[in-house]
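Dear colleague,

I am handing over the structure below, and I would be glad if you could look it over before reading on. My notes on what was found in it follow underneath.

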Amino acid sequence: MEYKTLSQAMNQLKEKGYTYDFNLLDEHIENKKDKESYKPNEFEIDKVYRFEGMSNPSDNSILYAITTKNGKKELLTDAYGTYSGQISEELLNKLKR
């Protein structure tokens, strides 16, 4: 399904069970609420959604729908390319798929 806005996508995906929110760190993604972190081999990217800002090109964002090896469905949001050079090569390659 295609979504017109980031917030619309997040709301719909949360209804489909993606209930946690990840943070992107150097070598892993993290769920601060549950104090859990996952290395690239411990999660799969189910779907990637890209959104472009209508009035400002710097408002571009990307949303990842992710399932962890222990079955948690989570969301990760980021701006296009902000992770470039700031995270491990292994994690960067996983997110580029």
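**Aromatic pairs and charges over rings**

The structure, which is a predicted model, holds two aromatic pairs. In one of them Phe-22 and Tyr-38 meet edge-to-face, with 5.7 Å from centre to centre and 80 degrees between the planes. Because Phe-22 lies in the loop between β1 and β2 (23-24) while Tyr-38 belongs to strand β4 (residues 36-38), the pair ties together parts that are 16 residues apart in sequence. Both Phe-22 and Tyr-38 are buried.

Two lysines also deserve a look, since each is placed over an aromatic ring. The charged end of Lys-72 sits over the ring of Tyr-20, 4.9 Å from its centre, and Lys-94 lies over the face of Phe-43, at 5.0 Å from the ring centre.

**The chain as a whole**

Along the sequence the elements follow the pattern α-β-β-β-β-β-β-β-α, which amounts to two helices and seven strands. The chain has 97 residues, and 35% of them count as buried. Among contacts between residues at least 6 apart in sequence, 51% join residues at least 24 apart. The accessible surface of the chain comes to about 6,200 Å², and carbon and sulfur atoms account for 44% of that area.

**The cores**

The largest nonpolar core has 12 residues, and these include Phe-22 and Tyr-38 from the aromatic pair described above, as well as Phe-43, Ile-62, Leu-76 and Leu-91. The elements that give two or more residues to this core are β6 and α2 (89-96). Apart from this core lies another one, of 10 residues, among them Tyr-3, Leu-13, Tyr-18 and Tyr-49. In soluble globular proteins, nonpolar side chains tend to be buried together.

What does Leu-91 touch, if residues up to four places away in sequence are not counted? Its contacts are Leu-24, Leu-25, Asp-26, Glu-27, His-28, Ile-29, Pro-40 and Phe-43.

**Helix α1**

In helix α1 (residues 6-15), the residues Ala-9, Met-10 and Leu-13 are buried. They cover an arc of only 95 degrees around the axis, which means that they lie on the same side of α1. An α-helix has 3.6 residues a turn, so residues three or four places apart point the same way. The cover over the buried residues of α1 includes β1 (20-21), β5 (43-51), β6 (61-68) and β7 (73-79). Just after α1, Gly-17 takes a positive phi of about 105 degrees.

With best wishes

Notes
Residues are numbered from 1 along each chain as its sequence is written. This is a predicted model: local features need pLDDT of at least 70, side-chain atom pairs count only at pLDDT 80 or more; totals for chains, interfaces and linings use all residues. Side-chain values use heavy atoms; hydrogens and water are left out. Buried means under 20% relative accessible area, exposed over 50%, partly exposed in between (1.4 Å probe, protein chains only). Helices (H or I, at least four residues) and strands (E, at least two) are DSSP runs, numbered from the N terminus. The arc is that of the directions from the helix axis to the C-beta atoms. Contact means heavy atoms within 4.5 Å. Accessible areas come from the Shrake-Rupley method with a 1.4 Å probe; for residues, only the protein chains shown count as cover. Rings of Phe, Tyr and Trp (its six-membered ring) pair if their centres lie within 6.5 Å; planes under 30 degrees apart count as stacked, over 60 as edge-to-face and the rest as tilted. A charge sits over a ring if NZ of Lys or CZ of Arg is within 6 Å of the ring centre and within 35 degrees of the ring normal. A nonpolar core is a set of buried Ala, Val, Leu, Ile, Met, Phe, Trp, Tyr and Cys residues joined through side-chain atoms within 4.5 Å.
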